[in-house]
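Got your viewer open? Let's take a walk through this structure, one selection at a time.

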Amino acid sequence: MSALDERDLAAAADLLSDASRIAVMTGAGISAESGVPTFRGAGGFWRGRSAMDLATPQAFNRDPEDVWKFYRYRIDGLSRVEPNAGHRALVSLERRCERFWLITQNVDGLHHAAGSERVIELHGTLAEVRCRVCAYRCPSSELPDDPVPGCPSCGDLLRPAVVWFGEDLPRAALAEADEAMAHCEVMLVVGTSGLVEPAASFARWARSRGASIVEVNLETTPISSVADVSVFGPAGEVLPRIVG
Ligand code: OAD
């Protein structure tokens, strides 16, 4: 890994320290240093299959046992991971901002675990499971051991409380994200490939409403073209240095 660019770090730190209304959007990259696999790139495979082929309602309808194996692996994995310095830096940022929104595409719960107070979970959470049909929900820790767990309330199937490809995002989370885009002075985008809508459009949207955009990623993404500054490096190293 090459050294961080000091000029980019300083430019990002200046933009953030001048702002009191900040929106942050995070993706899988912020949790990579905690050991949570990303979706794309080398970490995005499970037993040789793309995570993207398993995170769909069609896959679940076709073979719920197969999809549950993948999700049990992911849920079990979470008990062994901890927030890293990147997650913790965002807790400090929240504490000093007048208004702060943390929008995450991650389902790993690591922002909560780090101490972030309000987290807008666009893609749901692995911490809970829910019925495919009725309103039943329970913590993943109470998930029955069956290969295809049934709903204790209506008898249909339980599924992870995450958003799969092709499904609608939670309306309340989208409304909060909309508010963030409308009111933030700076939007900080961390560890997302910027390929999945609508999150991919958030930075453009915030920019069109007058916000400055700061990006933190290992590499160039579609968001880089709208960013005022992109800092290339691991979030766990970069965030503590740009969040005063
Ligand atoms: P991706 O896996 O698509 O992208 C991860 C991004 O993080 C890439 O751009 C990496 O370069 C970057 N990255 C990796 N390690 C990093 C590090 N240590 N520091 C900073 N950046 C790092 O993940 P997302 O963009 O979150 O949706 O993916 C978006 C959505 O697509 C996910 O929420 C999921 C997925 O399919 C659903 O499941 C609906």
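**Start at the ligand**

Select the ligand and the residues around it: this shell takes at least three residues from each of two domains, domain 1 (1–36 + 83–123 + 169–244) and domain 2 (37–80 + 124–162). Keep in mind as you look around that this is a predicted model.

Now colour the shell by class. You should find 10 nonpolar, 10 polar and 3 charged residues around the ligand. Of the 23 residues there, the ones that come nearest are Arg40, Phe165, Thr192, Ser193 and Asn217, so label those five next.

Time to zoom in on some polar contacts. Pick the side chain of Asn217: one of its N or O atoms is 2.7 Å from an oxygen atom of the ligand. Move on to His123, where an N or O atom of the side chain is also 2.7 Å from a ligand oxygen. At Gln105, look at the backbone instead, since a polar atom there is 3.1 Å from an oxygen atom of the ligand. How much of the ligand does the protein bury? On its own the ligand exposes 800 Å², and the protein buries 92% of that.

Switch on a surface for the protein and you'll see where all this happens: the ligand sits in the largest pocket.

**Step back to the domains**

Zoom out and give each domain its own colour. The domain assignment puts 1–36 + 83–123 + 169–244 in domain 1 and 37–80 + 124–162 in domain 2. Their C-alpha centres lie 26 Å apart. For a last stop, select the residues where the two meet: 14 from domain 1 are in contact with 11 from domain 2.

Notes. Residues are numbered from 1 along each chain as its sequence is written. This is a predicted model: local features need pLDDT of at least 70, side-chain atom pairs count only at pLDDT 80 or more; totals for chains, interfaces and linings use all residues. Side-chain values use heavy atoms; hydrogens and water are left out. A residue is near a molecule or strand if one of its heavy atoms lies within 4 Å of it. A polar contact is a pair of N or O atoms within 3.5 Å; within protein, one must be able to donate a hydrogen and the other to accept it, and residues adjacent in sequence count only if both atoms are side-chain atoms. Accessible areas come from the Shrake-Rupley method with a 1.4 Å probe; for residues, only the protein chains shown count as cover. On a 1 Å grid over the protein atoms alone, a cavity is a set of points where a 1.4 Å probe fits but cannot get out, and a pocket is an open set with protein on both sides within 12 Å along at least five of seven lines; lining residues have an atom within 4 Å of a point. A molecule sits in a cavity or pocket if more than half of its atoms lie within 2 Å of its grid points. Ala, Val, Leu, Ile, Met, Phe, Trp, Tyr, Cys and Pro count as nonpolar, Asp, Glu, Lys and Arg as charged, and the others, Gly among them, as polar. Domain bounds come from an automatic or database domain assignment. Contact means heavy atoms within 4.5 Å.
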